[in-house]
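Colleague: I am new to this one and would like to know how each label is earned. Could you take me through it?

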Amino acid sequence: MIAAVSSDGESWLALTQCNTNEDVMQMFLSRLASVLTQQFGVKWREQVVIVMDGASYHRSAETRKCISHLHM
């Protein structure tokens with residue numbers, strides 16, 4: 001499970017039947033960005049901080065490219 005939780009208590013979850021890797025993480029981040037844009041408009045990027053632990057798939061070059069592409 002991958003979870004995102006806001007300081008207001010809203011949550012966004014992804015359940016998978018596989019181990020999380022950089023591909024799964026990038027899909028979650030892409031979908032999360034889309035949902036946040038639909039709910040809050042493009043200004044969410046000015047108000048949201050994404051915090052991840054040091055998992056290797058969080059630090060990978062591909063995930064960093066994804067984060068940069070999504071303007072997170």
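Modeller: Gladly, and please keep in mind that this is a predicted model. Let us begin with Glu-62, which is partly exposed at a relative accessible area of 36%.

Colleague: Why is Glu-62 called partly exposed?

Modeller: The label buried needs a value under 20% and exposed needs one over 50%. Glu-62 has 36%, so it falls in between and is partly exposed.

Colleague: And what makes the pair Lys-65 and Glu-62 a salt bridge?

Modeller: Their side chains meet at 3.1 Å, N to O. The cut-off is a Lys or Arg side-chain nitrogen within 4 Å of a carboxyl oxygen of Asp or Glu, so the pair qualifies. The structure holds 1 salt bridge.

Colleague: How are Lys-65 and Glu-62 placed along helix α4?

Modeller: They are 3 residues apart in α4, which means that about one helical turn separates them. In general, an α-helix has 3.6 residues a turn, so residues three or four places apart point the same way.

Colleague: What makes Lys-65 count as exposed?

Modeller: Its relative accessibility is 52%. Exposed begins over 50%, so Lys-65 passes.

Colleague: Which residues of α4 are buried, and how do you know that they share a side?

Modeller: In α4, residues 61-69, the buried ones are Thr-63, Cys-66 and Ile-67. They cover an arc of only 100° around the axis, so they lie on the same side of α4. On the other side, Ala-61, Arg-64, Lys-65, Ser-68 and His-69 are exposed.

Colleague: What covers the buried residues of α4?

Modeller: The cover includes α1 (22-40) and α3 (56-59).

Colleague: Let us look at α3, then. Why is His-58 called buried?

Modeller: His-58 is in helix α3. Its relative accessibility is 12%, which is under 20%, so it counts as buried. Not counting residues up to four places away in sequence, His-58 touches Met-25, Met-52, Asp-53 and Thr-63.

Colleague: What label does Arg-59 get, and why?

Modeller: Arg-59 also lies in helix α3. Its relative accessible area is 47%, which is not over 50%, so Arg-59 is partly exposed. Leaving aside neighbours within four places in sequence, Arg-59 is in contact with Gly-54 and Arg-64. Its C-alpha atom is separated by 8.8 Å from that of Glu-22, 37 residues apart along the chain.

Colleague: What is unusual about phi in His-71?

Modeller: Phi of His-71 is near 55°, a positive value in a residue other than glycine. Most residues other than glycine have a negative phi. His-71 comes just after α4. With a relative accessible area of 58%, His-71 is over the 50% mark and therefore exposed.

Colleague: Which residues does Arg-45 contact, leaving aside its neighbours within four places in sequence?

Modeller: Arg-45 is in contact with Ala-33, Thr-37, Leu-70 and His-71. Arg-45 itself sits in helix α2, residues 44-47. Arg-45 and Met-72 are 27 residues apart in sequence, yet 6.4 Å apart in space, C-alpha to C-alpha. At 30% relative accessible area, Arg-45 is between the two cut-offs and so partly exposed.

Colleague: Which residues touch the most other members of the largest nonpolar core?

Modeller: Trp-12, Phe-28 and Leu-32 do, in a core of 15 residues. The elements that give two or more residues to this core are β1 (2-5), α1 and α4. The most come from α1, with 8 residues. Leaving aside neighbours within four places in sequence, Phe-28 is in contact with residues including Ile-2, Trp-12 and Leu-13.

Colleague: Why is Leu-13 called exposed?

Modeller: Its relative accessible area is 54%, over the 50% cut-off, so Leu-13 is exposed. Leu-13 is in strand β2, residues 11-14. Together with Met-1 and Leu-15, Leu-13 forms a nonpolar patch on the surface, with about 400 Å² of accessible area together.

Colleague: One more, please: what about Gln-39?

Modeller: Gln-39 is found in helix α1. Its value of 42% lies between 20% and 50%, so Gln-39 is partly exposed. Leaving aside its neighbours within four places in sequence, Gln-39 is in contact with Glu-10 and Trp-12.

Methods:
Residues are numbered from 1 along each chain as its sequence is written. This is a predicted model: local features need pLDDT of at least 70, side-chain atom pairs count only at pLDDT 80 or more; totals for chains, interfaces and linings use all residues. Side-chain values use heavy atoms; hydrogens and water are left out. Buried means under 20% relative accessible area, exposed over 50%, partly exposed in between (1.4 Å probe, protein chains only). Helices (H or I, at least four residues) and strands (E, at least two) are DSSP runs, numbered from the N terminus. The arc is that of the directions from the helix axis to the C-beta atoms. Contact means heavy atoms within 4.5 Å. Patches are made of residues with over 30% relative accessible area and no salt bridge: like charges are joined within 9 Å, nonpolar side chains (Val, Leu, Ile, Met, Phe, Trp, Tyr) within 5 Å. Accessible areas come from the Shrake-Rupley method with a 1.4 Å probe; for residues, only the protein chains shown count as cover. A nonpolar core is a set of buried Ala, Val, Leu, Ile, Met, Phe, Trp, Tyr and Cys residues joined through side-chain atoms within 4.5 Å.
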